[in-house]
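Colleague: I am new to this structure, and I would like to understand how its descriptions are arrived at. Could we go through them together, setting each value against its rule?

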Amino acid sequence: AAVRPDLGQVLPTLLVSVDGVGPLLVLKTASGSAGAITEALDQAGWAEIIGTIAGDDTVLVITRSQRMREAIASRIKGFVKK
């Protein structure tokens, strides 16, 4: 089986910034690493997230509401704090 990326491993090293508007959360990542973060988020199975779309260095996270987007942003930032 393939090794699945873990949020606790990929976010601190690959996440550059977190921003959003309404129910949409935009994660900027190190070049070429959006896919790893997207896969880790999908594997985490957070119910607030409807879906994710990965580019090269950007992940679009679609949540169910602005409140849920803010909660997810806080949770993601929590992984990055040293």
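Colleague: What makes the crossing of α1 and α2 left-handed?

Modeller: This is a predicted model, and in it α1 passes α2 in a left-handed crossing. The word is used because the near helix is turned anticlockwise from the far one by less than a right angle. The axes of α1, residues 7-14, and α2, residues 34-44, come within 9 Å and cross at roughly 145°.

Colleague: Which residues make that contact, and how do they divide into nonpolar, polar and charged?

Modeller: On the side of α1 the contact is made by Leu7, Val10, Leu11 and Leu14, and on the side of α2 by Ala36, Ile37, Ala40, Leu41 and Ala44. They divide into nine nonpolar, no polar and no charged residues, since Ala, Val, Leu and Ile count as nonpolar.

Colleague: Why is the pair of Glu48 and Arg75 called a salt bridge?

Modeller: The closest N and O atoms of Glu48 and Arg75 are 2.8 Å apart, and the rule asks for a side-chain nitrogen of Lys or Arg within 4 Å of a carboxyl oxygen of Asp or Glu, so the pair qualifies. The pair links distant parts of the chain, with Glu48 in the loop between α2 and β3 and Arg75 in helix α3, residues 66-80, the two being 27 residues apart. By this rule the count comes to one salt bridge.

Colleague: Is Glu48 buried or exposed, and how do you know which word fits Arg75?

Modeller: Glu48 has a relative accessibility of 18%, and buried means under 20%, so Glu48 counts as buried. Arg75, with a relative accessible area of 33%, falls between 20% and 50% and is therefore called partly exposed.

Colleague: Why do β1 and β3 count as the edges of the sheet?

Modeller: Four strands form an open sheet in the order β1-β2-β4-β3, with antiparallel pairing. β1, residues 15-21, and β3 each have a single partner strand, so one side of each is left without a neighbour in the sheet. Neighbouring strands are turned by 20° against each other on average, direction ignored.

Colleague: How do you know that β3 and β4 pair?

Modeller: Five bridges join β3 to β4, residues 58-63, and the rule asks for at least two, so they count as paired. The two strands run antiparallel, and Ile53 stands opposite Leu60 in β4.

Colleague: Which strands does α2 lie across?

Modeller: α2 lies across β1, β2, β3 and β4, running at about 165° to β3.

Conventions: Residues numbered from 1 in each chain as written. Predicted model: local features only at pLDDT ≥ 70, side-chain atom pairs only at ≥ 80, totals over all residues. Heavy atoms only, no water. Axes fitted to C-alpha atoms, helices over the stretch in contact; angles between N-to-C directions. Contact = heavy atoms within 4.5 Å. Buried < 20%, exposed > 50% of the residue type's maximum accessible area, 1.4 Å probe, protein only.
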